[in-house]
Amino acid sequence: MSLPIYLDYAATTPVDPKVAEKMAACLTLEGNFANPASRSHLLGWQAEAAVENSRRQVAQLIGADVREIVWTSGATEADNLAIKGVAEAYADRGRHIITSTIEHKAVLDTCAYLESRGFDVTYLKPNAEGVISAAEVKAALRDDTILVSLMHVNNELGSINDIAAIADRLRDHQAFFHVDAAQSLGKLSLNLADIAVDLMSLSAHKCYGPKGIGALFVRRRSRCEIAPQIHGGGHERGMRSGTLATHQIVGFGEACALAMDHLVEEQARLQSLKQGFLDAVLPLTGVQLNGQADGWPGIVNLSFADVDGELLLMALKDLAVSTGSACASASLEPSYVLRGIGCSEALALSSVRFSFGRYTSAEELARAATMVADALARLRGGAQQAV
Ligand SMILES: *Cc1c(COP(=O)(O)O)cnc(C)c1O
């Protein structure tokens, strides 16, 4: 049995072989295995040096200072730390939080939890392209707003929020601005020296690093206090305790360094892959592109009219794709993100996210487009497809 073509890069990416190599060198007796918090011997210092080198690599990719990077287990934990951390630290100042209806569950479930603890959350509605406007954010601000949490690139649609414009509108307000950048790290150029974001969640495994490691950027100048969510040895300046996972961190750092080296060329390559794929599938009958036409080129979300979603997925079993996001794909519920941009329930149920990246070839996407065309023709039982 041949493996399906992997078109689920938004769910996770394979680890770059250069990253895997660096990670492997941090595990065994001969390698850099010691506890980075061991201050009493050379091996500990070496591990600490590797961790700090990675911190520099991550910080560099987003234009941050090394002292602004707090390691976490991924973007889910970073989202939790940012949102619950601010809520707890500033509950005396206010109990209002602004987010949107199409955030990742790591943000939505955290906000729902805080609602159960007496916080008030406003869920902004995106436009039909999946974008939240800065004006809308500003209009929702109240005197007791302490946090605005919005994603940079949407994981189901690839739509991009103008976080610089939103940050500008928040300048004169006490509210902190948290951005979930799990889908944009290493893909869109990000310079936090120019964007007034206070907190940013990062994840390694969406950009060719390992699963289980991420970071929260905490801007020093913002003097944003974060109540720790994991208590222990006081690692990461007390914000996140736990022995640092040298191999994961080193992998994350290397992934960021590689992303930085290839960001521009990779973006151009994905743009051309996306265009080729769209040229092949959009002319087919009843195919609609969801989200922003000029969103992140590695994510193409398509709705297919007049086909059963489940049958369509079965017909596309040679493609590793998602309906909705990986985290929601266990359920047969229509995607709340697609519903959130006004997609009908029926259309949302027959939508597929194709996401591609570093190792995807034009040839693979051409084959995928052919499979889509064949599946539609078969399921609709006719030969009325345009070619
Ligand atoms: C993948 C993802 C997350 C979760 O990140 P993990 O590192 O897997 O916890 C959060 N937000 C967005 C937008 C994502 O795409």
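Let us start where the two halves of this predicted model meet: between domain 1 and domain 2 there are 11 residue pairs in polar contact, with both partners at pLDDT 80 or more. Salt bridges are another matter, as the count across the interface of domain 1 and domain 2 is 0.

Which parts of domain 1 face its partner? Helix H7 (246-281), strand E10 (299-304) and helix H9 (336-340) each contribute at least two residues to the side of domain 1 that touches domain 2. Of these contributions, the largest share belongs to H9, with 4 residues. Sorted by class, that side of domain 1 holds 13 nonpolar, 12 polar and 4 charged residues.

Now take a step back to see how the chain is divided. The domain assignment builds domain 1 from two stretches, 5-12 and 263-379, while domain 2 covers 17-258. If you look for the C-alpha centres of domain 1 and domain 2, you will find them 28 Å apart.

With the two domains in view, we can return to their shared surface. Here 29 residues of domain 1 are in contact with 32 residues of domain 2. Together, domain 1 and domain 2 bury about 2600 Å² between them, and 56% of this area lies on carbon and sulfur atoms. Within domain 1, the residues that lose the most area to domain 2 are Gln292, Trp296 and Tyr336, which together make up 26% of what that side buries. These three residues of domain 1, Gln292, Trp296 and Tyr336, are good places to point your viewer when exploring the area lost to domain 2.

Definitions and conventions: Residues numbered from 1 in each chain as written. Predicted model: local features only at pLDDT ≥ 70, side-chain atom pairs only at ≥ 80, totals over all residues. Heavy atoms only, no water. Domains from an automatic or database assignment. Contact = heavy atoms within 4.5 Å. Buried area = accessible area lost by both parts, 1.4 Å probe. Salt bridge = Lys/Arg side-chain N within 4 Å of Asp/Glu carboxyl O. Polar contact = N/O pair within 3.5 Å; in protein donor to acceptor, adjacent residues only side chain to side chain. Nonpolar A, V, L, I, M, F, W, Y, C, P; charged D, E, K, R; others polar.
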